[in-house]
Amino acid sequence: MMNVISSAATHWCRVGGTFVFLDLSRDRYFMLEQSAADRFCRIVRGAQEEGDADWLAARGLHHLAPPIDRPFSEEIAPTSSLREEPDLERGSAVETARAVFALAIAQRHVRKLALIEILPNLSQGVPVPPHVQRSDARQVAAAFKRARHYLSGMDECLSRGVAMRRVLAGKGCEARLVIGVTLPFAAHCWVQLGSAVLTDPLDVVTPYTPILVA
């Protein structure tokens with residue numbers, strides 16, 4: 001199941017024994033202290049008791065997005081990276097210009113808008129055949145790699161991810177924007193097509209557990 005973005009959703013995942021939450025309405029991550037985590041664990045396992053609904057509401061956990069289930073998590077587990085392919089061609093001038101323009105817009109949106117306003121508007125065109133998607137993804141990955149020479153902010157993972165996701169959507173590529181977390185706490189955002197990472201080397205993203213996929 002994809003972690004569906006709703007109008008008031010708090011997304012969450014479990015990293016080891018720790019629950020990590022992403023509140024889209026406030027653009028913040030948070031974790032629960034151990035006693036609260038134990039109670040939350042009991043609730044999500046289906047053993048809800050009287051008073052639990054009020055307890056969740058008091059902590060802003062009453063509008064939880066569904067978790068990323070195991071089959072889907074395994075489906076999107078990254079296994080390769082286009083960025084690491086030695087034969088990745090140099091991005092064309094046209095695609096590089098499109099990448100720079102998309103990134104400039106994404107940077108402005110990330111600075112001014114909350115995630116809950118950005119993520120639902122990642123448009124998706126009519127999907128093209130898989131072999132065309134793979135070819136287009138290579139061109140876009142190469143263009144964003146080349147764009148690093150022309151625009152600052154290419155290391156801002158959220159802006160870069162939103163920009164690339166939008167460009168690929170416009171081409172009919174069913175790419176996914178993934179936000180992941182790890183402990184000690186850190187968050188990272190990247191783009192995948194299937195199990196192939198388009199924005200980063202593979203070893204950069206593998207330590208992260210997905211908390212949201214869009």
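Asp27 is partly exposed, with a relative accessible area of 39%, and in this predicted model the residue sits in the loop between β2 (18–23) and β3. Its phi is near 55°, a positive value in a residue other than glycine. That is worth a remark because most residues other than glycine have a negative phi, and most peptide bonds are trans. The points below take up the backbone, the surface, two helices and the salt bridges in turn.

**Backbone and surface**

- A cis peptide bond, with omega at about -5°, joins Leu183 and Pro184, and Pro184 belongs to the loop between β5 (176–182) and β6 (186–193).
- Leu183 is also part of a nonpolar patch on the surface, which it forms with Tyr29, Met31 and Phe185, and these residues together have about 330 Å² of accessible area.
- Within that patch, Tyr29 comes from strand β3 (residues 28–31), and the residue is partly exposed, its relative accessible area being 31%.

**Helices α6 and α7**

- Helix α6 (residues 130–147) and helix α7 (residues 157–170) have axes that come within 11 Å and cross at roughly 145°, and the crossing in which α6 passes α7 is right-handed.
- On the α6 side the contact is made by Asp136, Ala137, Val140, Ala141 and Phe144, while Arg160, Ala163, Met164, Val167 and Leu168 make it on the α7 side.
- Ala169 also lies in helix α7, where it counts as buried because its relative accessibility is 1% and buried means under 20%.
- When residues up to four places away in sequence are not counted, Ala169 touches Ser123, Gln124 and Gly125.
- The C-alpha atoms of Ala169 and Ile43 are separated by 37 Å, and these two residues are 126 residues apart along the chain.

**Salt bridges**

- Side chains of opposite charge can pair when their charged atoms come close, and the count for this model comes to 10 salt bridges.
- Glu75 and Arg176 form one of these salt bridges, with the closest N and O atoms 3.4 Å apart; Glu75 lies in helix α3 (residues 70–76) and Arg176 in strand β5, so the pair ties together parts that are 101 residues apart in sequence.
- The partners of that pair fall into separate classes of accessibility, since Glu75 counts as partly exposed at 47% relative accessibility, whereas Arg176 counts as buried at 19%.
- Lys171 and Glu95 meet through their side chains in another salt bridge, at 2.8 Å from N to O, and this pair links distant parts of the chain, with Lys171 in the loop between α7 and β5 and Glu95 in helix α4 (residues 93–112), 76 residues apart.
- In this second pair, Lys171 is partly exposed, with a relative accessible area of 21%, while Glu95 is buried, with a relative accessible area of 9%.
- Arg42 and Glu49 likewise meet in a salt bridge between their side chains, at 3.9 Å from N to O, and Arg42 is partly exposed, with a relative accessible area of 23%.
- Both Arg42 and Glu49 belong to a network of salt bridges in which they are linked with Arg39 and Asp52.

How values were computed
Residues numbered from 1 in each chain as written. Predicted model: local features only at pLDDT ≥ 70, side-chain atom pairs only at ≥ 80, totals over all residues. Heavy atoms only, no water. Patch = residues over 30% accessible without salt bridge, like charges linked within 9 Å, V, L, I, M, F, W, Y side chains within 5 Å. Areas by Shrake-Rupley, 256 points an atom, 1.4 Å probe, with all protein chains shown as cover. Salt bridge = Lys/Arg side-chain N within 4 Å of Asp/Glu carboxyl O. Helix = DSSP H or I, 4+ residues; strand = E, 2+ residues; numbered from the N terminus. Buried < 20%, exposed > 50% of the residue type's maximum accessible area, 1.4 Å probe, protein only. Axes fitted to C-alpha atoms, helices over the stretch in contact; angles between N-to-C directions. Left-handed = near helix turned anticlockwise from the far one by under 90°. Contact = heavy atoms within 4.5 Å.
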